[in-house]
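Grab a pencil and keep the viewer open. Below you'll find a set of short exercises, each with a solution you can follow step by step.

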Amino acid sequence: MSLFIYNSLSRTKEKFEPLHPDIVSMYVCGPTVYGHSHLGHAKSYVSFDVVVRWLRLSGYRVKYIQNITDVGHLTDDADEGEDKIMKQAQLEKTDPMEIAQYYTRSFYEDMDQLGVLRPNIAPAATAHIPEQIALVEKLIKCGYAYEVNGNVYFSVKSFGRYGKLSGRTDQEAMQSGIRVGVRSEKREPADFALWKKADQRHLMKWNSPWSVGYPGWHLECSAMSMKYLGETIDIHGGGMENKFPHHDCEIAQSEAATGKPYVRFWMHNNMVTINGIKMGKSLKNSVNLKDIFRTTDPMVIRFFILQSHYRSQLDYSETAIKASTTGLAKLHDTQRRLREQKPGTGEFDCSSFILRFTEAMDDDFNTPVAIAVLFELSKAINAALDCNDGLSDTTRKVIEAFLDRAGREALGILNQDGQSSNRELEGSENKLARVMNILLDLRIEARKSKDFALSDKIRDQLLEAGIEIKDTKDGVIWS
RNA sequence: GGCGAAGUGGCCGAGUGGUUAGGCAGAGGUCUGCAAAACCUUGUACAGCGGUUCGAAUCCGCUCUUCGCCUCCA
């Protein structure tokens with residue numbers, strides 16, 4: 001069985017094989033850290049987290065790089081616009097680096113909550129200025145870039161394959177829809193900045209052969225990817241909105257500099273929408289993760305994301321989240337029921353589920369189908385557990401091993417004890433469990449003496465306190 | 001204007017040239033003191049119009065609609 005990945009470059013699913021046997025080099029565009037992360041970030045990084053997890057489970061050693069963009073870039077590629085990090089720094093009355101650090105930490109807090117594994121290396125753009133300058137020097141030397149007034153631009157005309165990723169190869173045609181009146185020192189309107197001279201007010205700036213300035217946005221990914229992963233890498237991921245211009249620029253500057261293919265597999269995840277409209281910070285419709293986590297278990301958000309395919313748009317709504325909450329709880333309940341069942345004699349073959357799960361994941365990381373397999377397995381387990389035979393210990397262990405591998409390791413939506421991750425009870429949990437046992441004993445006694453008024457009162461009032469009791473065949477459970 | 005993606009049952013959301021996706025919600029049932037859960041049964045959906053085909057929701061064409069990118073952006 002082999003893994004197939006949809007390659008944005010060829011627009012087809014291709015069989016995946018790394019350049020070097022057993023080792024996968026992977027780079028994913030990280031966030032620009034000038035605000036708290038929103039649901040869109042969650043979709044992107046959860047999606048690629050699953051990619052990394054599945055590659056590792058498939059036996060590859062994955063070297064996973066995800067950068068932090070902590071250089072403020074202009075909101076406009078002309079010489080207008082503002083540096084977002086600097087703007088936020090002025091707003092918060094502090095300096096840009098503090099803003100970058102603060103929101104970097106915030107980003108990881110949120111990602112940790114979502115169960116997103118940390119990358120092997122998380123390089124910051126500001127820590128790789130010399131590498132970026134070296135790349136610009138190389139491009140100038142090879143005739144692909146030129147300097148004007150302390151600014152350096154990449155000459156798109158000099159690189160014939162520019163725009164091949166996005167399909168935007170006709171630069172003339174593209175100009176027709178662009179705003180008029182952009183006076184520019186660039187030779188061609190499509191040329192993009194590699195280095196920009198800083199004006200007086202600019203706070204983040206570095207010395208370079210051309211000016212005191214700062215690197216162009218596209219440059220950092222090329223420089224850092226090549227530094228840590230080599231000139232040709234296996235997988236480069238990012239959001240779809242970055243196909244153009246960001247990724248096309250990356251390809252141009254990298255391949256111009258090395259003469260080698262930059263990326264073998266381009267992967268692009270689709271957007272989160274609200275009422276069909278893209279979620280974005282600048283659109284002011286983004287849903288902050290920290291806000292969502294106040295009312296929703298992060299695992300539910302992860303599950304919600306993985307219930308759609310990474311290349312599909314995902315529409316956010318309260319009802320959709322609610323449906324995911326119920327659905328995930330069902331999976332957790334089954335897992336717990338399985339663990340707590342008294343050993344029986346029933347046997348159950350789950351090899352077909354394992355096979356279908358693997359096939360789904362190997363088919364361009366089809367997590368919705370993989371999750372559907374888990375639901376079908378859940379139904380089968382519950383049905384078996386409802387029989388008098390129950391399930392034998394050996395069968396139980398086989399299923400649990402699969403759930404652990406598929407649900408916990410691959411998708412990261414289940415954990416070992418079948419509980420949600422968000423509950424930070426730990427120390428108080430024992431006490432609560434003991435109190436609950438007292439209450440449940442009382443209720444059992446009440447029910448024995450047919451005092452249903454009392455037993456229902458205990459149940460109802462616990463429910464009001466947020467604890468639900470269920471009388472199952474194997475005893476009372478609460479959650 | 002250019003480039004790209006998509007329109008699936010009440011909602012979310014996969015997939016595919018002929019066989020049940022799955023989840024949530026709804027209806028009926030089993031179980032239970034009741035409830036909840038679980039399980040069983042239940043929906044015959046694929047924007048519209050043409051075409052190819054023995055057969056298309058799935059391929060092709062056209063039309064309509066939506067979305068993303070062309071400025072920072074996951």
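**Exercise 1. A helix, end to end**

How many residues does helix H12 (residues 367-386) have, and how far does H12 reach from its first C-alpha to its last? Then work out which face of H12 is covered.

*Solution.* A quick heads-up before we begin: this is a predicted model.

Step 1. Helix H12 has 20 residues, and from first C-alpha to last it reaches 28 Å. That is close to the 28 Å expected at 1.5 Å a residue.

Step 2. Now look for the buried residues, those with 20 or more other C-beta atoms within 10 Å of their own. In H12 they are Thr367, Ala370, Ile371, Val373, Leu374, Leu377, Ser378, Ile381, Ala384 and Leu385.

Step 3. Look down the axis of H12: the buried residues fall within an arc of 150 degrees, so they line one face of the helix. The spacing helps here, because an α-helix has 3.6 residues a turn, so residues three or four places apart point the same way.

Step 4. Check the other side of H12, where Lys379, Ala383 and Asp386 are exposed.

Step 5. Finally, ask what the buried residues of H12 pack against: H1, helix H9 (298-306), helix H10 (318-340), helix H11 (351-362) and helix H13 (393-410).

**Exercise 2. Try it again on another helix**

Find helix H4 (residues 129-141) and compare its span with the expected one. Which residues in H4 are buried?

*Solution.*

Step 1. H4 has 13 residues, which at 1.5 Å a residue should span 18 Å. Its end C-alpha atoms are 18 Å apart, so the two values agree.

Step 2. The buried residues in H4 are Ile129, Gln132, Ile133, Leu135, Val136 and Leu139. Viewed down the axis of H4, they fit within an arc of 160 degrees, so they line one face of this helix.

Step 3. Turn to the face pointing away from that buried side, and you meet the exposed residues Pro130 and Lys141.

Step 4. The cover over the buried residues of H4 includes strands as well as helices: among them are strand E5 (145-148), strand E7 (192-197), helix H6 (219-229) and helix H7 (243-258).

Step 5. Go just past the helix: H4 is followed by Gly143, which has a positive phi, near 85 degrees.

**Exercise 3. A strand and its partners**

Is the pairing of strand E3 (residues 23-28) with strand E4 (residues 61-66) parallel or antiparallel? Trace how the chain gets from E3 to E4.

*Solution.*

Step 1. E3 and E4 pair in the parallel sense, over 6 bridges. One spot to find in the viewer is Val28, which stands opposite Gln66 in E4.

Step 2. Leaving E3, the chain passes through helix H1 (residues 39-57) before it reaches E4, and this β-α-β crossover is right-handed.

Step 3. E3 also pairs in the parallel sense with strand E9 (residues 233-239), over 3 bridges. Here Met26 has Ile235 in E9 as its bridge partner.

Step 4. How covered is E3? Mostly: 5 of its 6 residues are buried.

**Exercise 4. Hairpin and open sheet**

What kind of element do strands E1 and E2 form? After that, find the strands at the edges of the sheet that contains E11.

*Solution.*

Step 1. Strand E1 (residues 4-7) and strand E2 (residues 12-15) pair in the antiparallel sense over 4 bridges, with Phe4 opposite Lys15 in E2.

Step 2. E1 and E2 form a hairpin with 4 residues between them, and in the turn Arg11 has a positive phi of about 60 degrees.

Step 3. Next comes an open sheet of 3 strands in the order E12-E11-E13, with mixed pairing. Strand E12 (277-278) and strand E13 (314-316) stand at its edges with a single partner strand each, so one side of each has no neighbour in the sheet.

Step 4. Strand E11 (residues 272-274) and E12 run antiparallel, joined by 2 bridges. Ile274 has Ile277 in E12 as its bridge partner.

**Exercise 5. Zoom out**

Into which domains is chain A divided?

*Solution.*

Step 1. They are domain 1 (4-269), domain 2 (289-410) and domain 3 (427-478). The C-alpha centres of domain 2 and domain 3 lie 27 Å apart.

Step 2. Chain A has 15 helices and 15 strands, and buried residues make up 39% of its 479 residues.

Technical notes: Residues are numbered from 1 along each chain as its sequence is written. Chains are lettered from A and ligands numbered from 1 in the order in which they are written. This is a predicted model: local features need pLDDT of at least 70, side-chain atom pairs count only at pLDDT 80 or more; totals for chains, interfaces and linings use all residues. A residue is buried if 20 or more other C-beta atoms lie within 10 Å of its own, exposed if 12 or fewer, and partly exposed in between; C-beta atoms are placed from the backbone. Two strands pair if DSSP finds at least two bridges between them. A crossover is right-handed if, with the strands pointing away from the viewer, the path from the first strand over the helix to the second runs clockwise. Domain bounds come from an automatic or database domain assignment. The expected span of a helix is 1.5 Å times one less than its number of residues. The arc is that of the directions from the helix axis to the C-beta atoms. Two residues are in contact if their C-beta atoms, placed from the backbone, lie within 7 Å.
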